[in-house]
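Me: I would like to learn how to read a protein model feature by feature. Could you take me through one, giving the general idea before each case?

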Amino acid sequence: MISPMPECDLLVVGAGPAGVAAATVAAERGRAVLLLDDTPWLGGQIWRGEQQKPTNAQAQTWLNRLARSGVRIIGEARMVGLEGPGRYVIETPDHHWTIQPKALVLATGARELFLPFPGWTLPGILGAGGLQTLVKTGWPIEGQRVVVAGSGPLLLAVAAGLKKAGANVVGLFEQASPASLARFGTQLIAHPDKIGQAFGLRRQLAGVPYKLGWWPVRAEGVNQVERLVLTSGRQTLTVDCDAVACGFGLVPSLELPTLLGCLLDGEAVAVDAGQQTSVQGIFAAGELTGIGGNDKALVEGQVASLTAIGEHAAVFPLHRSRNGWRNFARALGKTFKPRPELLKLAEPQTIVCRCEDVTYSQLSGYTSWRDAKLQTRCGMGPCQGRICGAATRQLFGWGMESVRPPVLAARVASLIPSDERI
């Protein structure tokens, strides 16, 4: 049983960089802050493991500040629904309650974007970040031949991590063109630390073939992936492998803000200058407002928190930094945007919805997510459209019109109205 919290000035959902920053700065200013995350650790996926094995100075600075700030932290806790205006249903493995904070900061981050291609459901093909997470938790990768493919800066970090863990990284393939990467490099002059990080990762990958303007078109194998076929549009290459780490960037996790009625701006949550959403008292920060990395997340988390608690004077000095990181985010999105060829890889029998085994041909005749969902059960499996929803947005231009509670799998007892709160 979780002991009650008499009052809560600020509730922060998500303990990645944005959530850590938001919770910390509010608590340092004497506010009662509750920080929730659905994992048992702090830092999200990007800072995972920093509490046990420090390697990132930035992460350590913020996690140490958080530890000293007096924030109340509850791990393995999720917001699963809304009981009334401003009353949120929270669930842990052994308890549930409602809470009505004075303000709410959403910092629920992002997940990988997968684009279907023939054979992508073969065992041994995982998301780039997913394989990285598995390896961090002990997945045996030593000696295995791994291909890393897709798009985005995450690929470099994943490949370097896999090599360090003993994998034989037989190739790193980035779909963005050399010209796009060159233009992006010139824009990094304003962020020299990012240039240093990129060169550091390339040094760690010495000896690993690194090809720009290449993307996967087909995976082959009997009981698991055995080879990956890639193309540059002009040439084709087949690489034998035991595993594939493949992802085409990240997409914001929009289910919770959508449930709470927050308006979207394209594929991100729309916010004002203070990071407030279209719903009074609800703020969003980090990847929810556009994919941009931990530096953007940190500054947005601070702006959201300070605005939420009324410390407006402290916000103004952060505007310049935030604008710089938002420019970086826009450049990032433009550089690594999936090329049109990737949206034509799926064949008629290629599975798009893995949970319900719905193929591309079954979906191609519909005009909306709702229509396809009603007729094919696409998006109605265990992942609740988190994988195929993002894919069909790219393939067909569909959007997820609405979200029903619970946002995540929840116990029935958690969904029964209750006046119990902390």
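**Reading the strands, helices, cysteines and a pocket**

Reply: Let us begin with one strand pair: 5 bridges join β14 to strand β15 (residues 236-240), and the two run antiparallel. This is a predicted model, in which local features need pLDDT of at least 70 and side-chain atom pairs count only at pLDDT 80 or more, while totals for chains, interfaces and linings use all residues. Residues are numbered from 1 along each chain as its sequence is written, and side-chain values use heavy atoms, with hydrogens and water left out.

Me: How are strands and their pairing defined, and which residue of β15 is the bridge partner of Val229?

Reply: Helices (H or I, at least four residues) and strands (E, at least two) are DSSP runs, numbered from the N terminus, and two strands pair if DSSP finds at least two bridges between them. In β15, Thr238 is the bridge partner of Val229. β14 and β15 form a hairpin with 4 residues between them, and Gly233 in the turn has a positive phi of about 95°.

Me: Which strand pairs with β14 over 5 bridges in the antiparallel sense, besides the one already described?

Reply: That is strand β13 (residues 215-220), which forms a hairpin with β14 that has 6 residues between the strands. Within this pair, Arg218 has Val229 of β14 as its bridge partner, and Pro216 stands opposite Leu230 in β14.

Me: Why is β14 described as largely enclosed by the rest of the structure?

Reply: The term to fix is burial: buried means under 20% relative accessible area, exposed over 50%, and partly exposed in between, computed with a 1.4 Å probe on protein chains only. Strand β14 (residues 227-231) has 4 of its 5 residues buried, so it is largely enclosed by the rest of the structure.

Me: In what order do the strands of the open sheet lie?

Reply: The open sheet has 5 strands in the order β9-β16-β10-β11-β12, and their pairing is parallel. Its edge strands, each pairing on one side only, are β9 (125-126) and β12 (210-212). One of the pairs is that of strand β10 (residues 145-151) with strand β11 (residues 168-174), parallel over 6 bridges, where Val146 stands opposite Val169 in β11.

Me: Which elements do the buried residues of α4 pack against?

Reply: Packing is read from contact, which means heavy atoms within 4.5 Å. In helix α4 (residues 154-164) the buried residues are Leu155, Leu156, Val158, Ala159, Ala160 and Leu162, and they pack against α3 (128-136), β10, β11, α6 (192-204), β12 and β16 (243-248). After α4 comes Gly166, whose phi is positive, near 105°.

Me: How should I read single positions such as Leu66 and Gln175: buried or exposed?

Reply: Leu66, in helix α2 (residues 57-69), counts as buried at 2% relative accessibility. Leaving aside neighbours within four places in sequence, Leu66 is in contact with Val20, Ala23, Thr24, Leu35, Leu42, Val71 and Ile73. Gln175, placed in the loop between β11 and α5 (178-187), counts as buried at 1% relative accessibility. With the neighbours within four places in sequence again left aside, the contacts of Gln175 include Gly150, Ser151, Trp214, Phe336 and Arg339.

Me: How many disulfides are there?

Reply: A disulfide is a pair of cysteine sulfur atoms within 2.5 Å, and by this rule the count comes to 0. Cys355 is in no disulfide, the nearest cysteine sulfur, that of Cys383, being 3.9 Å away. The sulfur of Cys8 is 17 Å from the closest cysteine sulfur, in Cys262, which is too far for a bond. Cys8 counts as buried at 6% relative accessibility, whereas Cys355 is partly exposed, with a relative accessible area of 33%.

Me: How is empty space found, and which residues lie closest to the centre of the second largest pocket?

Reply: Rolling a probe the size of a water molecule over the atoms shows where empty space is left. On a 1 Å grid over the protein atoms alone, a pocket is an open set of points where a 1.4 Å probe fits, with protein on both sides within 12 Å along at least five of seven lines, and lining residues have an atom within 4 Å of a point. Grid points are joined across faces, edges and corners, and a volume is the space filled by probe spheres set on the points. About 480 Å³ of space lies in the second largest pocket, and of the 17 residues that line this pocket, the closest to its centre are Lys373, Gln384, Ser402, Val403 and Arg404. Helix α11 (residues 369-376) gives the most to this lining, with 4 residues.
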